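Subject: The structure I promised you

Hi there,

Here is the structure I said I'd pass on. Have a look at it first, and then read on for what turned up.

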Amino acid sequence: MGAFGTSRESTGSWWGGDVPDSRILWLVIAATSLPVIVGSSMTGLLVSWSLSRAGVEHTLVGGAEPPVTPRLGESLNECAGPDLWRMLGPEFRDAFVKKNHISLFDGDFATGIQIGNPREDLDYVSARVLRDGKIRIPLGRTLLTHADRTRIDPLLYRKAIAHPCCRFVQALVEQVDFDADRDRVTRITLDNGVELIEPKYVFDATGWRGLIAEAAGVGRRWLSSPQRVVWGHERRASRPAGKPPWWEQGTNLVRLREETDGVRGIAWVIPIKDTLSIGLSVDQGDPTAEGLDAERLYDTLVAACERRGI
């Protein structure tokens, strides 16, 4: 993996933890008819911050501040990239990395698309893309980014829960009452005794768990066959001198083939400054990966990337 090594890797409010009896009734009354967001993932935090910017009071139910550890979801597409930069970029500048290309290696075939000029930094491009607070994409000025989740998640958490429009409750959801006849969530009971009664809207930001969706009887449809995924984040102690290799300036996708790599799967290599996000997804039960534990599958992935000059 070039110069990359092999090391792998609360803010709260008085609403968190135990709530005094004198305040429980106040919380129940205050939460009545307010929009409620369940989950303090990035999705929940972005919904909360969007409502706050629009002046909409709401309740956010979530956990402790995200730890400063790498997580997936770093490569932003042409929709999320400009929007997230417009919302957070100027303040969280160091949490974004400009993406200049997307490459694909498939067997002995390779292709790529150049989406940015490596000689233009993120501020230069964004000044032309985000004019007058609106997203405009002039020819040759595409704004695509990688997000450093070790920085952006904790910063966004603090920013979202500190806003006066956000009533943050650090707790777990214990029960969701849903009235099928009215097609409404009527009550959300939390593990600290707080009850959110007749919320005006409920945003389910619990990811694949879908706590609210499950209570409402919303079905789940799998988009693909079950996958087996191995992934990691490699760090380097120092940045080497000179021009970085081309693959460090964008998103890189690699399709592993049985005849060249020994297994079938799709991999990603995403550089985020001095951290490298790398992972491999294979169909669960694929015979080419049978008998390979996570470590051997990861080593196969690293070898496949190095074989292609990454």
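Let's start with a small puzzle: is Leu-122 buried or exposed? Leu-122 is buried, because its relative accessible area is 2% and anything under 20% counts as buried. You'll find Leu-122 in helix α4, which covers residues 122-129. The C-alpha atoms of Leu-122 and Thr-145 are 8.5 Å apart, with their places 23 residues apart along the chain. One thing to keep in mind throughout: this is a predicted model.

Now for the helices. When two helices pack, people describe the pair by the angle between the axes and the distance between the axes. Helix α2 (residues 42-53) is a good one to follow, starting with its packing against helix α3 (residues 80-88): the angle is about 55 degrees and the axes are 12 Å apart. That angle makes α2 oblique to α3. The crossing of these two helices is left-handed. On the α2 side, the contact is made by Leu-46, Trp-49, Ser-50 and Arg-53, and on the α3 side by Leu-84, Met-87 and Leu-88. Sort the residues of this contact by type and you get five nonpolar, one polar and one charged.

Next, how does α2 sit against α5? Here the angle is about 40 degrees, and the axes are 10 Å apart. So α2 is oblique to α5. The crossing of α2 with α5 is left-handed. From α2, the residues making the contact are Met-42, Leu-45, Leu-46, Ser-48 and Trp-49, while α5 brings Arg-149, Ile-152, Asp-153, Leu-156, Tyr-157, Lys-159 and Ala-160. By type, the residues of the α2 and α5 contact are eight nonpolar, one polar and three charged.

That leads on to the cores. In soluble globular proteins, nonpolar side chains tend to be buried together. In this model, the largest nonpolar core has 25 residues, and Leu-88, Phe-96 and Ile-152 are the members that touch the most others. Each of α2, α3, α5 (149-162) and β9 (166-170) gives at least two residues to this core. Which residues does Leu-88 touch, leaving aside neighbours within four places in sequence? They are Leu-46, Trp-49, Phe-96, Ile-152, Leu-156 and Lys-159. Another core, of 21 residues, lies apart from the largest one, and Phe-105, Ala-289, Tyr-298 and Ala-304 are among its members.

Strand β1 is worth a visit too. Val-36 is in β1, and Val-36 is buried, with a relative accessible area of 0%. Not counting neighbours within four places in sequence, Val-36 is in contact with Thr-59, Val-61, Ile-188, Leu-196, Pro-199, Tyr-201, Val-202 and Phe-203. Between the C-alpha atoms of Val-36 and Glu-57, 21 residues apart along the chain, the separation is 9.5 Å.

Just along from there is Ser-40, in the loop between β1 (36-38) and α2. Ser-40 counts as buried because its relative accessibility is 15%. If you skip residues up to four places away in sequence, Ser-40 touches Leu-45, Val-61, Gly-62, Gly-63 and Tyr-157. The C-alpha atoms of Ser-40 and Thr-206 are 8.1 Å apart, although 166 residues separate them along the chain.

Then take a look at Asp-204, in strand β13 (residues 202-204). At a relative accessible area of 30%, Asp-204 is partly exposed. Asp-204 and Val-38 are 166 residues apart along the chain, yet their C-alpha atoms are separated by 5.4 Å. Val-38 is one of the residues that Asp-204 touches, along with Gly-210, Leu-211, Ile-212 and Ala-213, again leaving out residues up to four places away in sequence.

Finally, two backbone oddities. Most residues other than glycine have a negative phi. Asp-183 has a positive phi of about 55 degrees although it is not a glycine. Asp-183 is in the loop between β10 (173-179) and β11 (184-190), and is exposed, with a relative accessible area of 58%. Glu-198 also has a positive phi, near 50 degrees. Glu-198 belongs to the loop between β12 (195-197) and β13, and counts as partly exposed at 25% relative accessibility.

Happy exploring!

Notes:
Residues numbered from 1 in each chain as written. Predicted model: local features only at pLDDT ≥ 70, side-chain atom pairs only at ≥ 80, totals over all residues. Heavy atoms only, no water. Axes fitted to C-alpha atoms, helices over the stretch in contact; angles between N-to-C directions. Helix = DSSP H or I, 4+ residues; strand = E, 2+ residues; numbered from the N terminus. Parallel < 35°, antiparallel > 145°, perpendicular 65-115°, else oblique. Left-handed = near helix turned anticlockwise from the far one by under 90°. Contact = heavy atoms within 4.5 Å. Nonpolar A, V, L, I, M, F, W, Y, C, P; charged D, E, K, R; others polar. Core = buried A, V, L, I, M, F, W, Y, C linked by side-chain atoms within 4.5 Å. Buried < 20%, exposed > 50% of the residue type's maximum accessible area, 1.4 Å probe, protein only.
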